Every structure is written in C-alpha cells, then in structure tokens.
Amino acid sequence: MIEVLRAGALTTVQDQGRPGWAHLGVPRSGALDPAALRLANRLVGNHEHAAGLEITMTGCALRFTRAVALALTGAPADVAVEWPAGDTRPGDVGLPLALPAGAVLRVGPARAGVRTWLAVSGGITVEPVLGSRSTDTLSGLGPPPLRDGDRLPLGTADRPPPPVDLAVTRPVPDELRLTVRPGPRQDWFTPEALDLLCGTAYTVSPDSNRVGARLAGAALPRAVAGELPSEGLVLGAVQVPPDGQPLVFLADHPTTGGYPVVGVVDDVTALAQARPGTTVTFHGPQR
C-alpha cells in the first residue's frame with residue numbers, strides 16, 4: 001500500500017488513458033505528458049501502461065508499507081526520503097530510488113513547470129474503469145483526486161529496475177511555440193482573427209487545468225454570428241468562447257462543445273508544464 005500523508009493541491013492516479021470511448025462521451029484522460037509517465041515506469045521496471053501519480057505544483061508526502069523502487073519525472077522538485085531508522089536522504093527527479101518498507105517520500109513544490117509524475121514498482125492497482133485507472137477530473141470517472149489519509153494498493157513487481165546513471169528529461173520551457181492546423185470552423189472567424197492567432201503572443205491564464213489551457217491575449221473576432229449546435233471535440237482543439245479568448249483542450253476535455261474551433265494544436269504536451277503567465281505563440285505547420 002501507499003499511505004497518503006499529504007495529498008497536495010491536486011494529485012491524481014493516471015496511466016496512458018482510456019482511448020476509444022469518445023462515441024460514449026468519454027475522453028481519453030490519462031497523464032498530461034504521457035511520455036514522462038512512460039519514462040518513470042521504465043525506470044522502475046513497470047510496463048508502460050502501469051498507473052502512477054500525477055503531482056501538481058505543491059508536491060506530496062507518501063508512506064510505503066513495503067519495499068519499493070520508485071522514480072519521478074517531469075517538473076524539477078526537491079525530493080527527500082525519510083528512512084524508518086530516522087535519517088533523511090535526498091533523491092533526484094529522473095533517477096530510480098530504492099525504498100525500504102516504512103519509508104516516507106516527500107516531494108517538494110515544483111521549482112519550474114507544474115507537474116511531476118511518480119511511478120512505483122508494481123504500479124498502482126486501483127480498480128480500472130473502461131480499461132483505465134486514470135482520474136478524469138471532468139467526468140468523474142476513475143478514482144477521485146487523492147486526499148490525506150487515502151491508501152492506494154500496489155501490484156507485484158515482476159522485473160527489477162534497469163541500471164540507470166542518468167535519465168534525460170524534457171526541460172521546462174520559458175515560452176511555448178505550438179503548431180496549429182486549421183480547425184473545422186475556421187471560416188467562422190475573420191482573416192484578422194487568423195492573423196492575430198498566429199501573429200501575437202498569448203499568456204496562460206490561472207483558470208487553466210487538466211480540462212484545458214485558457215489563454216489571454218488578443219480577442220479573435222468572429223465573421224459569423226450566433227452559436228453552433230454541439231459537435232465533436234478532440235485533444236488540442238482550440239475553441240473560442242464569446243469573449244474571443246482561445247482555449248486549448250487537454251486530456252480531460254469534453255467530447256462535444258458548442259463554441260467554434262478555429263484550429264487544432266498538433267502536440268499539447270508542453271502545456272502540461274505551462275504555469276500561469278507562460279507565453280504561448282502559434283504557428284502553422286512547416287512545409
């Protein structure tokens with residue numbers, strides 16, 4: 001078991017998500033940076049689809065009731081392990097750690113970026129829903145976000161961690177440059193709006209979450225008045241509400257929406273680490 005001593009602002013169970021259920025109104029969900037969780041799982045000898053934890057901003061504290069190997073990836077943070085004998089030893093993001101039964105892991109606040117991913121040997125084995133153990137914060141599927149005092153079951157480790165001296169992790173950028181392709185409702189916007197989208201800088205709003213990254217900047221003027229009937233949405237869709245401020249949908253996005261989608265971002269992974277105030281620019285696909 002993992003005993004949750006301090007859950008932090010938002011710590012959730014995540015794996016690679018539950019694809020293939022959009023026709024039933026269920027988004028993929030899963031880790032906001034799937035590659036970071038896969039790396040953490042490889043570092044402890046897990047299958048890449050094993051469930052781990054996604055830790056947001058403020059860190060967490062966990063006690064392990066059995067000996068485990070664990071690894072953290074993603075946002076850099078101070079890591080400390082309190083051993084049962086009473087001494088405390090530092091750890092590193094990006095390298096596996098071996099902990100004895102009864103040890104406590106303390107993950108500090110992210111020094112840069114937003115999210116850190118934790119994998120534990122054997123994986124977290126909460127009951128799957130539609131083939132995934134991921135917490136979907138919009139629909140409520142999967143386990144609820146962690147709370148102090150929760151206990152999480154662990155599976156049986158079937159292979160040892162690989163020998164690793166250094167694991168290369170994705171750096172946290174100060175500015176994001178995202179590739180955007182035309183969306184299904186681009187014609188609902190004026191030519192000026194399209195120039196603004198790819199010609200001005202936006203900043204990430206504090207209202208962002210796992211559902212979507214809200215951006216603040218130049219409002220995108222519409223060429224067509226009125227609203228749409230709800231239609232399908234995909235990961236990376238850039239939806240524009242009536243205030244003209246674009247919203248980029250992330251892993252827990254709804255499967256339908258009624259505001260026009262001006263474009264679709266190729267890869268939203270970098271937005272997983274985008275703090276409020278981070279600069280975002282868009283550009284078209286390279287030819």
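## A walk through the side-chain contacts

Leucine 154 touches Met1, Ile2, Arg66, Val68, Val120, Gly123, Ile124 and Thr125, leaving aside residues up to four places away in sequence. This is a predicted model, and leucine 154 is a handy place to begin looking around it. You will find leucine 154 in the loop between β11 (151–152) and β12. Is leucine 154 buried or exposed? Its relative accessible area is 14%, and because buried means under 20%, leucine 154 counts as buried. Another residue to pick out from here is alanine 51: it is 103 residues from leucine 154 in sequence, while the two C-alpha atoms are 9.6 Å apart in space.

Let us turn to the aromatic rings. A pair of aromatic rings is described by the distance of the centres and the angle of the planes. How many aromatic pairs does the count come to? The count comes to one. In this pair, the ring centres of tyrosine 202 and phenylalanine 282 are 6.3 Å apart and the planes stand at 70°, so the arrangement is edge-to-face; the cut-off for that label is an angle over 60 degrees. The two rings come from distant parts of the chain, 80 residues apart: tyrosine 202 belongs to strand β13 (residues 202–204), and phenylalanine 282 to strand β20 (residues 279–283). Tyrosine 202 is buried, at 0% relative accessibility, and phenylalanine 282 is buried too, at 3%.

A ring can also have a charged partner. Look at tryptophan 83: arginine 89 lies over the face of this ring, at 3.9 Å from the ring centre.

Now for the charged pairs. Side chains of opposite charge can pair when their charged atoms come close. How many salt bridges does a search of the whole structure find? The search finds eleven, and a few are worth visiting one by one.

Start with aspartate 78 and arginine 111, whose side chains meet in a salt bridge at 2.8 Å, N to O. This bridge links distant parts of the chain, with aspartate 78 in strand β6 (residues 77–82) and arginine 111 in the loop between β9 (104–110) and β10 (115–120), 33 residues apart. Aspartate 78 counts as exposed, at 52% relative accessibility, and arginine 111 is exposed with a relative accessible area of 52%.

Strand β6 also holds glutamate 82, while arginine 106 is in strand β9. The side chains of glutamate 82 and arginine 106 form a salt bridge of 2.6 Å, N to O, so the pair ties together parts that are 24 residues apart in sequence. Glutamate 82 is partly exposed, at 27% relative accessibility, and arginine 106 is partly exposed at 36%.

Next comes the salt bridge between glutamate 231 and arginine 185, where the closest N and O atoms are 3.0 Å apart. Which parts of the chain does this pair link? Glutamate 231 sits in strand β15 (residues 231–232), and arginine 185 in the loop between β12 (175–182) and α2 (191–199), 46 residues apart. Glutamate 231 counts as partly exposed, at 22% relative accessibility, and so does arginine 185, at 25%.

To finish the tour, find Glu54, Arg115, Arg210 and Asp252, which are linked in a network of salt bridges.

Key. Residues numbered from 1 in each chain as written. Heavy atoms only, no water. Phe/Tyr/Trp six-rings, centres within 6.5 Å; stacked < 30°, edge-to-face > 60°. Helix = DSSP H or I, 4+ residues; strand = E, 2+ residues; numbered from the N terminus. Buried < 20%, exposed > 50% of the residue type's maximum accessible area, 1.4 Å probe, protein only. Lys NZ or Arg CZ within 6 Å of the ring centre and 35° of its normal. Salt bridge = Lys/Arg side-chain N within 4 Å of Asp/Glu carboxyl O. Contact = heavy atoms within 4.5 Å.
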